[in-house]
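Please walk through this fold sheet by sheet, then through one helix pair, and finish at the ligand.

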Amino acid sequence: MTGLLSVNALSKAYSSSGRQVAALDTVSLTIAAGETLGLVGASGSGKSTLSRVLLRLLKPDSGSISFEGQDWLALRGAELRRRRARMQMVFQDPLAAFNPLASVASVLDDPLRIHAIADRKQRPADIAALLERVGLHATLAPRPVRTLSGGQRQRVAIARAIATRPSLLVLDEAVSALDVTVRGRILELLVELQREHGLAYLFISHDLAVVRAISHRIAVMDAGRIVEEGPAADVVNAPRSDAARRLVAAVPRLVTEPV
Ligand SMILES: Nc1ncnc2c1ncn2[C@@H]1O[C@H](COP(=O)(O)OP(=O)(O)OP(=O)(O)O)[C@@H](O)[C@H]1O
């Protein structure tokens with residue numbers, strides 16, 4: 001595995017009613033090609049701020065990001081738009097991320113058109129192939145997104161994210177709103193896509209059990225800092241930081257046996 005993403009000493013403070021909140025405090029991490037880094041932390045620990053900075057939706061106060069060998073924070077204009085195809089995002093609530101009245105086909109058509117992946121004639125076939133790839137029937141294409149189930153919507157969101165042939169997906173609480181069975185199937189789909197396309201994931205969640213199921217390594221965030229990082233099994237079985245111990249304790253199935 002080679003280095004894909006390298007985040008170095010990223011800091012970001014918000015000022016809120018005259019007070020400074022350090023949402024990110026010298027955060028550093030790396031992700032190799034084809035690897036899943038789980039990022040876990042309690043509410044307010046800074047996970048979403050980190051994902052928004054990575055996606056270039058929010059400017060950090062300091063620090064640097066190297067992605068695919070480029071100074072990611074220095075990219076501007078057309079070059080940034082072009083390179084953005086390679087790092088895509090999947091949010092918790094796909095309805096908030098795209099127009100709920102839009103059809104499945106138009107949600108998938110946008111990235112293919114904007115990033116000039118396929119011409120107008122080719123796009124319906126590409127859309128059908130994307131739907132099939134995420135386990136949805138092509139007959140769903142004309143349906144408004146809001147008429148789909150939560151699991152189907154999240155599959156559409158994943159199809160949209162992979163449409164631009166990215167090397168990294170940032171998944172922010174991407175399965176948190178789904179029931180347990182649907183969640184398991186979406187995790188299986190993500191693992192399959194990773195195997196097939198060598199995708200890397202930054203998998204962000206407050207739920208350590210879910211993160212454990214999919215991650216090669218886990219980083220633990222607390223109050224804007226990465227307080228622990230290591231192979232997934234080590235972080236879950238032998239947590240070293242208070243924050244990781246609290247998260248493990250919140251997952252009784254992982255640490256206790258039935259009596
Ligand atoms: N726009 C903002 N203005 C002021 N403070 C903010 C803003 N966004 C986030 N914060 C604060 O920054 C800190 C980190 O928030 P962030 O949303 O990144 O955490 P999180 O780990 O993603 O939490 P959650 O899991 O609840 O989404 C929190 O203290 C939060 O209150």
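Strands β1 and β2 run antiparallel and are joined by 10 bridges. Strands pair here if DSSP finds at least two bridges between them, and helices (H or I, at least four residues) and strands (E, at least two) are DSSP runs numbered from the N terminus. The model is a predicted one: local features need pLDDT of at least 70, side-chain atom pairs count only at pLDDT 80 or more, and totals for chains, interfaces and linings use all residues. Residue numbers start from 1 along each chain as its sequence is written.

Two positions fix the register of β1 against β2. Val-7 lies opposite Leu-29 of β2, and Ser-16 has Arg-19 of β2 as its bridge partner. The hairpin between these strands has 2 residues in its turn, where Ser-17 takes a positive phi near 40°.

The hairpin belongs to an open sheet of 4 strands in the order β2-β1-β4-β5, with antiparallel pairing. β2 and β5 (70–71) are the edges, each with a single partner strand, so one side of each has no neighbour in the sheet. In the loop between β4 (62–67) and β5 sits Glu-68. Its phi is near 50°, a positive value in a residue other than glycine. Glu-68 is partly exposed, with 14 other C-beta atoms within 10 Å; by this count a residue is buried if 20 or more other C-beta atoms lie within 10 Å of its own, exposed if 12 or fewer, and partly exposed in between, with C-beta atoms placed from the backbone.

A second open sheet has 6 strands in the order β6-β7-β8-β3-β9-β10, and its pairing is mixed. β6 and β10 (225–231) are its edge strands, each pairing on one side only. From one strand to the next the twist averages 20°.

At one edge, β6 (residues 87–90) pairs with β7 (residues 168–172) in the parallel sense over 4 bridges. Val-90 has Leu-171 of β7 as its bridge partner. In a regular strand the side chains alternate between the two faces of the sheet. Which residues of β6 are buried on each side? Met-87 and Met-89 are buried on one side, and Gln-88 and Val-90 on the other, so that both faces of β6 are covered.

At the other edge, β9 (residues 217–222) and β10 run antiparallel and are joined by 6 bridges. There Arg-217 stands opposite Pro-231 of β10.

The loop between β7 and α7 (180–197) holds Glu-173. Glu-173 has a phi near 55°, again positive in a residue other than glycine. This residue is partly exposed, with 19 other C-beta atoms within 10 Å.

Among the helices, the axes of α4 (residues 104–114) and α6 (residues 150–162) come within 8 Å and cross at roughly 20°. Axes are lines fitted to C-alpha atoms, for helices over the stretch in contact, and angles run from 0 to 180 degrees between N-to-C directions. α4 and α6 are therefore roughly parallel to each other, a class that takes angles under 35 degrees.

Last comes the ligand. Its surroundings comprise 13 residues, of which Tyr-14, Ala-23, Ser-43, Ser-48 and Thr-49 come nearest; a residue is near if its C-beta atom, placed from the backbone, lies within 6 Å. β1 (3–16), β2 (19–32) and α1 (47–54) each supply at least two residues of this shell, and α1 gives the largest share, 3 residues.

Methods: Angles under 35 degrees count as roughly parallel, over 145 as roughly antiparallel, 65 to 115 as roughly perpendicular and the rest as oblique.
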